[in-house]
Amino acid sequence: MCLVKNGLFVFVIVVSFAEISTDIEGSLMSMMDFRYWRCVMKREWKCPDSEINFFLYTPERPYKQWVDVRYRDLKGYGWKMTRKNVLIIHGFNGTHTKTPISFLRDAYLSRKDYNVFMVDWSMLSRFPCYLSALSNMRLAAQCTAQLYSHLTQAGALAKMTTCVGHSLGAHVCGMMSEHLTQKQYKIVGLDPARPLISEYGSRRFRLSREDAHVVQVIHTNAGFLGETGAVGHADFCINGGQRQPGCRGHLMRISRCSHFMSSCYFAASVRRRLHVVGIPCDSSCPKQSRWGLRQDKRSVLLGDEIPDSARGMFCAQVDNEENCPFD
């Protein structure tokens, strides 16, 4: 159904986005994209796709290089098989260059032992097109899985490759598993998106511990823009999991700020500038009052070297206000 208001088209989509993912090969809708206002809903599931791009950054070449997955020699971009690999995926209304996702890129580059791949699907996830972004996650995951396969065929080890996604990007990391013959080794979900996902998303459309051998999740706006409770093998509920220090203004701005803080905390931890200690606690997040601390498990340090064996919910207190601008 289409409504017109002040000359702008507003589309009301009454089917759940999980149903959008059903196989519609051969139908008229699979033959063309659905474009309205500034929004795009992809209907052809073919990769590579011109609206999903990959950029490689290396310690020697800390500037973006567009990666063509049809080009076989990754070494031509400065990629080294001896280094670890990280695929970073932004969420709704993000890009590969916006803060704070760019903080993650720079944090991994500062380690000197990573090939950093930025996944840009901003044309398919732009504001205000949240419903189309939900539908387009499938193609973003499919094409990023093609990049992942390209890496492993070039010699990259699954155990040395991590997918890090913020918000909807976290779910894209999880959905990649639908397109791979072997399970990913590690996924880090930064405050995985909640709106509509919690109500309508099937397991295929949301990050879960089934999507990789190791799934680690950071919660900073649980119950609003971020998922609640235990999502991965190890979950970190920061400052109660819902509202972060330094986030001020009206309710939506506080929520957005807190949502983005997951990226900032993790980036600072990867840089080893911020030491965030996760203390074992009960599986709820957000926390209403007490953390429900547990004595039967060890504390762990947040960052890219969280032990793969870590299991359960971990609570952490971060008192300092991170400088975390967001658009």
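Helix α2 (residues 101–111) is a good place to start: 8 of its 11 residues are buried, so this helix is largely enclosed by the rest of the structure. Please keep in mind that you are looking at a predicted model. Around α2 you will find an open sheet of 11 strands with mixed pairing, a nonpolar core of 46 residues that is the largest one here, and a second, separate core of 41 residues.

**Helix α2**

- The buried residues of α2 are Ile-101, Ser-102, Leu-104, Arg-105, Ala-107, Tyr-108, Leu-109 and Arg-111.
- Their cover includes the strands β5, β7, β8, β9 and β10, along with helix α6.
- Just after α2 comes Lys-112, with a positive phi near 70 degrees.

**The sheet**

- Reading across the sheet, the strand order is β6-β5-β8-β7-β9-β10-β11-β12-β15-β13-β14.
- Its edges are β6 (65–66) and β14 (300–301), each of which pairs on one side only.
- Helix α3 packs on this sheet and touches β5, β7, β8, β9 (161–166) and β10. The direction of α3 makes about 170 degrees with that of β7.
- Strands β10 (residues 184–190) and β11 are parallel partners, with 6 bridges between them. Within this pair, Val-188 has Gln-216 of β11 as its bridge partner.
- Strands β12 and β15 also run parallel, joined by 5 bridges. Here Phe-236 stands opposite Phe-314 of β15.
- On the antiparallel side of the mixed pairing, β13 (residues 277–281) and β15 share 3 bridges. Ile-279 is matched with Cys-315 of β15 as its bridge partner.
- Strand β15 (residues 312–316) has 4 of its 5 residues buried, so the rest of the structure largely encloses this strand.

**The nonpolar cores**

- In the 46-residue core, the members that touch the most other members are Trp-121, Met-137 and Leu-168.
- At least two residues of this core come from each of β5 (53–57), β7 (84–89), β8 (114–120), α3 (130–153), α4 (168–175) and β11 (212–219).
- Helix α3 gives the largest share, with 12 residues.
- Which residues does Leu-168 touch, leaving aside those up to four places away in sequence? They are Gly-91, Phe-92, Trp-121, Tyr-130, Ala-133, Leu-134, Met-137, Ala-193 and Ile-197.
- The second core, separate from the one above, has 41 residues, among them Tyr-114, Val-164, Cys-257 and Phe-266.

**Helix α6**

- Helix α6 covers residues 251–270, which makes 20 residues. From first C-alpha to last it reaches 29 Å, close to the 28 Å expected at 1.5 Å a residue.
- Where is the kink in α6 centred? It is centred on Met-261 and amounts to about 30 degrees.
- Of the 20 residues of α6, 16 are buried, so this helix is largely enclosed by the rest of the structure.
- α6 lies across β9, β10, β11 and β12 (234–238), and runs at about 145 degrees to β9.
- α6 is followed by Arg-272, which has a positive phi near 65 degrees.

Terms used:
Residues numbered from 1 in each chain as written. Predicted model: local features only at pLDDT ≥ 70, side-chain atom pairs only at ≥ 80, totals over all residues. Heavy atoms only, no water. Core = buried A, V, L, I, M, F, W, Y, C linked by side-chain atoms within 4.5 Å. Buried < 20%, exposed > 50% of the residue type's maximum accessible area, 1.4 Å probe, protein only. Contact = heavy atoms within 4.5 Å. Expected span 1.5 Å × (residues − 1). Bend = angle between axes of the 7 residues up to and from the residue. Pairing = 2+ DSSP bridges. Axes fitted to C-alpha atoms, helices over the stretch in contact; angles between N-to-C directions.
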